[in-house]
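Thanks for coming, everyone. I'd like to walk you through one structure today. Please have a look at it first.

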Amino acid sequence: MTVLTSDPAAEAARTTDAILADLRSGTSRGIVVDSPPGAGKSTLVVRAAVELARAGEPLMIVAQTNEQVDDLIVRLSDALGSARPDARIGRLSRGGFVAPPRIADLPNLVVSSSLGDLNDPLVTIATAAKWAHVKDRVWPWAIVDEAYQMRSDALLTLAARFERALFVGDPGQLDPFSTVENDRWRGLTWDPMQSAVSVLLRNNPDVPVHRLPVSWRLPHTAQDVVASAFYPFTGFRTGTGPGERELGFTVARFGRNAEDAVLAKAAESGWGLLELPRRHTIRTDGEAVDAVAAVARRLIERGATARDGTTVTPIGPDRIAVGAAHRDQVAAIRRALDDHPRIVVDTANRLQGREYDVTVFLHPLSGRRDATAFHLEAGRLCVLASRHRQACIVVARAGIRDLLDAHPSSAPVHLGDPVKFPDGWAANQTMMAHLESHSVQW
């Protein structure tokens, strides 16, 4: 694991400068930037876009979801407005798209489902799915955000649309997925189910790869366990040191209950495990759903606060996220939290790329009889365990480590298919070993 000893801000600045220097040099058609959670991927995308806009270079930006597109537009609008007020952003959308309030009134934004109606903006942004419908136009530059979420066949569809590209993403999080079986493509160099970056580097080993070294989101308490579980070969450091962030409460604990006990663990160490009795359950485990909702609700009742350095701010419902592996689990938790509709409840896939002060999640292996590839996927657990700035609380039934021991990694090995490290089995073992010292019985 890489250990960095210099000032984190200086280290991050040197890395960013090197990336932008490579971008300007023109010596490679592509540049890849790997990033741990919260290392400033979006900041890098915006900064690179602004530099290209200042030089008058037309740019296409590719994101993977509409939420990511709109998040980037908000940040780009402000940055471009300061750097080049005459520059316009074009949001290429589906037919009938209604711009959400956060982008609807931006003065330098044009939204349309037709490329012609955008009138050649300096920056054009859309999802990869929408870009696939654009033909007979070439941009000198492209930036691909969350590139590890992008399937390689989607990149192949867009490759003729740009001359040079910057690929930015997090290799530790969720891989592209499909509901179609993909065994027929396993081992092929152009396997469409590999990520765009994996296939790019496999076929172009000379493409320069940079790594952002600092996570500005995660607290210091998450550095070692998240790095060990999901980034064992590259590692990263957090931008804050021991004790610089803290979860606090304005309402004192009263009585003896598991919710308050696990909140105390989380405030003390940044992590908490609320462990329910060992039992095999249906996927939508009613008792586990109630426990998740109780913890999230208790954060509101106790008046949770976030301390960052000397600044203390209240943690509102929209700064709390609840995650689960399946949509039916999310629906059940959402019903249990009907009295707090502003608390964000979603699957790992939809929480990816987002940031909150406190997260609570139902462990994907809780109450299961088996450990399938879906529930063992390292990227899913990485997303759920790396959204927080202050603390993360896990709810699970006891027995997950025994379940892992009973279901060791047994995925078939395909000739020519690159092996992904770390695997989900090892990542889950690392996380559970860490959480056991922060556990509370329900």
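**A walk through the model**

Let's start with a record. UniProt, in an unreviewed entry, annotates residues 289-397 as "domain: DNA2/NAM7 helicase-like C-terminal". Keep in mind that what you see is a predicted model. Over residues 289-397, the chain is 35% helix and 32% strand. The C-alpha atoms at the two ends of that stretch are 11 Å apart.

Now to the sheet. In what order do the eight strands of the open sheet run? The order is 4-3-5-2-6-7-1-8. The pairing is parallel. Which strands sit at the edges? They are strand 4, residues 109-112, and strand 8, residues 209-211. Each of these two pairs on one side only. From one strand to the next, the twist averages 20 degrees.

A quick reminder on how sheets hold up. Strands of a sheet pair through backbone hydrogen bonds, either parallel or antiparallel.

Let's zoom in on one pair. Strand 2 covers residues 59-63, and strand 5 covers residues 123-127. They pair in the parallel sense over five bridges. You can find one of the partners yourself: Leu59 has Val123 as its bridge partner in strand 5.

A helix packs on this sheet too. That is helix 7, residues 196-203. Helix 7 touches strand 1 (30-34), strand 7 (162-169) and strand 8. The direction of helix 7 makes about 130 degrees with that of strand 1.

Next, two backbone oddities. Most residues other than glycine have a negative phi, and most peptide bonds are trans. Now look at Asp120. Asp120 is not a glycine, yet its phi is positive, about 50 degrees. Where is Asp120 found? It is in the loop between strand 4 and strand 5. Asp120 counts as exposed, because its relative accessibility is 56% and the cut-off is over 50%.

The second one is Asp136. Asp136 has a positive phi of about 60 degrees, and it is not a glycine either. Asp136 lies in the loop between helix 5 (128-131) and strand 6 (139-145). Is Asp136 buried or exposed? Asp136 is exposed, with a relative accessible area of 76%.

On to the charged side chains. How many salt bridges does the count come to? The count comes to 30. I'll pick out three.

Here is one: Glu51 with Arg24. Their closest N and O atoms are 2.6 Å apart. The pair links distant parts of the chain, 27 residues apart. Glu51 is in helix 2, residues 41-54, and Arg24 is in helix 1, residues 8-25. Glu51 counts as partly exposed, at 26% relative accessibility. Arg24 is exposed, with a relative accessible area of 54%.

Here is another: Arg217 with Glu355. The closest N and O atoms here are 3.2 Å apart. Arg217 lies in the loop between strand 9 (214-215) and helix 8 (220-230). Glu355 lies in the loop between helix 12 (348-351) and strand 17 (356-362). So the pair ties together parts that are 138 residues apart in sequence. Arg217 counts as buried, at 6% relative accessibility. Glu355 is partly exposed, at 32%.

The last of my three is Arg354 with Asp346, which meet at 3.8 Å, N to O. Arg354 counts as partly exposed, at 25% relative accessibility. Asp346 counts as buried, at 13%.

Some salt bridges share partners. Which residues do they join into one network? The members are Arg217, Arg245, Asp308, Glu355 and Arg389. You have already met Arg217 and Glu355 as a pair.

Finally, the cysteines. A disulfide is a covalent bond between the sulfur atoms of two cysteines. How many disulfides are counted here? The count comes to zero. Take Cys382, which is in no disulfide. The nearest cysteine sulfur to Cys382 is that of Cys392, 11 Å away. A disulfide needs the two sulfur atoms within 2.5 Å, so at 11 Å this pair does not qualify. Cys382 is buried, with a relative accessible area of 0%. Cys392 is in no disulfide either. Cys392 also counts as buried, at 0% relative accessibility.

That's my tour. I'm happy to take questions.

Methods
Residues are numbered from 1 along each chain as its sequence is written. This is a predicted model: local features need pLDDT of at least 70, side-chain atom pairs count only at pLDDT 80 or more; totals for chains, interfaces and linings use all residues. Side-chain values use heavy atoms; hydrogens and water are left out. A salt bridge is a side-chain nitrogen of Lys or Arg within 4 Å of a carboxyl oxygen of Asp or Glu. Helices (H or I, at least four residues) and strands (E, at least two) are DSSP runs, numbered from the N terminus. Buried means under 20% relative accessible area, exposed over 50%, partly exposed in between (1.4 Å probe, protein chains only). Two strands pair if DSSP finds at least two bridges between them. Axes are lines fitted to C-alpha atoms, for helices over the stretch in contact, and angles run from 0 to 180 degrees between N-to-C directions. Contact means heavy atoms within 4.5 Å. UniProt positions are given in the numbering used here, feature names are shortened, and annotations may be inferred rather than shown by experiment.
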